[in-house]
Amino acid sequence: MKRFCIRWDKRPRFVCDVHLARVAKYLRLLGFDTVYRNDISDDELIGRCRFGRIGLTCDRRLQKRAPESIIVLRCEDAQKQVRRLDAVFDLKRYALPFRRSLCCNRLLVPAEKNLDIPKETYRWLTGFWRCPRCGKLYWKGTHTERMRQKVYSLLDYQKKC
Ligand SMILES: [Zn+2]
C-alpha cells in the first residue's frame, strides 16, 4: 500500500466500492461505520467522502478523482486489506467489535430473549442484540467465538485479550 496523505486522529468511517463486500463486512465486524452497497455509484462514493468518510476502492481511476480522501486497496485477500488499513488508521485503537449489524451497518441494540431461538441454545445464552433495521438477532454462542477468532486475526493480535 502506498503512503497516504490522509491524516486521521479519530474513529475512521468508510465507504467501500462494489468490489469490497468482504472488507466492508470485516470493518463492520470490528465496529467501524462502513457504507457498502453492491450498486453504489462512483459519484455517490465520492459524495460520501465529502462528508468525512474514507473511500476504499480497487480502482485507481476512481482514486484520482478524489486522491485526498480515497485509498486504493490492492485486490487481494480481504483480511490482508484490513490489516493494511489497520497499519494506516490504527484500527486496533478504535475497534469496537460486535456492535454493528454486518448486513446493514446499523448499531445493534439490546434485545429480549427471543422465542425463535432453539431451546437448547437458549438456556446458556447471556446476551442478545438486535439490528433495528433488518431485525437480525445476534447472540453469544459458538458462532460468535468463531467471529472473535476472526477479529483477533484481522487485527493480527498475538494473543487473546
Ligand atoms: Zn441489519
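**Entry 1: Asn38**

I started at Asn38, which sits in the loop between β2 (34–35) and α2 (42–50). I noted at the outset that this is a predicted model. Is Asn38 buried or exposed? I found 8 C-beta neighbours inside 10 Å, so Asn38 counts as exposed. I then looked up its contacts, leaving out residues up to four places away in sequence. Asn38 touches Val18 and Ala21. I also checked Asn38 against Cys16. The two are 22 residues apart in sequence, and their C-alpha atoms are 9.4 Å apart in space.

**Entry 2: Cys16 and the core**

Cys16 took me to the largest nonpolar core, which has 24 residues. Which members touch the most others? I listed Cys16, Val23, Leu27 and Leu56. Next I asked which elements supply at least two residues each to this core. They are β1 (14–16), α1, β3 (54–57), β4 (70–72) and α4. Helix α1 gives the most, with 5 residues.

I went back to Cys16 for its own contacts, again skipping residues up to four places away in sequence. Cys16 touches Val23 and Ala24. Cys16 also touches Thr34, Val35, Tyr36 and Leu56.

**Entry 3: helix α1**

I looked at α1 next, residues 21–29. Its buried residues are Val23, Ala24, Tyr26, Leu27, Arg28 and Leu29. I noted that Arg28 is on this buried list. Two of the buried residues, Val23 and Ala24, are contacts of Cys16. After the helix comes Gly31, and its phi is positive, near 100 degrees.

**Entry 4: helix α4**

Does the length of α4 agree or disagree with its residue count? Helix α4 has 12 residues, 78–89. At 1.5 Å a residue it should span 16 Å, and its end C-alpha atoms are 16 Å apart, so the two agree. I then listed the buried residues of α4: Gln81, Val82, Leu85 and Phe89. They lie on the same side of α4, because they cover an arc of only 95 degrees around the axis. The general rule I kept in mind is that an α-helix has 3.6 residues a turn, so residues three or four places apart point the same way.

**Entry 5: two positive phi values outside glycine**

Asp90 comes just after α4. It lies in the loop between α4 and α5 (91–94). Its phi is near 55 degrees, a positive value in a residue other than glycine. I counted 14 other C-beta atoms within 10 Å, so Asp90 is partly exposed.

Asn105 also has a positive phi, about 75 degrees, although it is not a glycine. I placed Asn105 in the loop between α5 and β5. Is Asn105 buried or exposed? With 20 other C-beta atoms within 10 Å, Asn105 is buried. The cut-off for buried is 20 or more, so Asn105 meets it.

**Entry 6: the β5-β6-β7 sheet**

Last, I traced an open sheet of 3 strands. Its order is β5-β6-β7, and the pairing is antiparallel. Which strands are at the edges? They are β5 (109–110) and β7 (137–139), and each pairs on one side only. How many bridges join β6 to β7? I found 3 bridges between β6 (residues 128–130) and β7, and these strands run antiparallel. I looked up one pair across the strands: Arg130 stands opposite Leu137 in β7.

Notes. Residues are numbered from 1 along each chain as its sequence is written. This is a predicted model: local features need pLDDT of at least 70, side-chain atom pairs count only at pLDDT 80 or more; totals for chains, interfaces and linings use all residues. A residue is buried if 20 or more other C-beta atoms lie within 10 Å of its own, exposed if 12 or fewer, and partly exposed in between; C-beta atoms are placed from the backbone. Helices (H or I, at least four residues) and strands (E, at least two) are DSSP runs, numbered from the N terminus. The expected span of a helix is 1.5 Å times one less than its number of residues. The arc is that of the directions from the helix axis to the C-beta atoms. A nonpolar core is a set of buried Ala, Val, Leu, Ile, Met, Phe, Trp, Tyr and Cys residues joined through C-beta atoms within 7 Å. Two residues are in contact if their C-beta atoms, placed from the backbone, lie within 7 Å. Two strands pair if DSSP finds at least two bridges between them.
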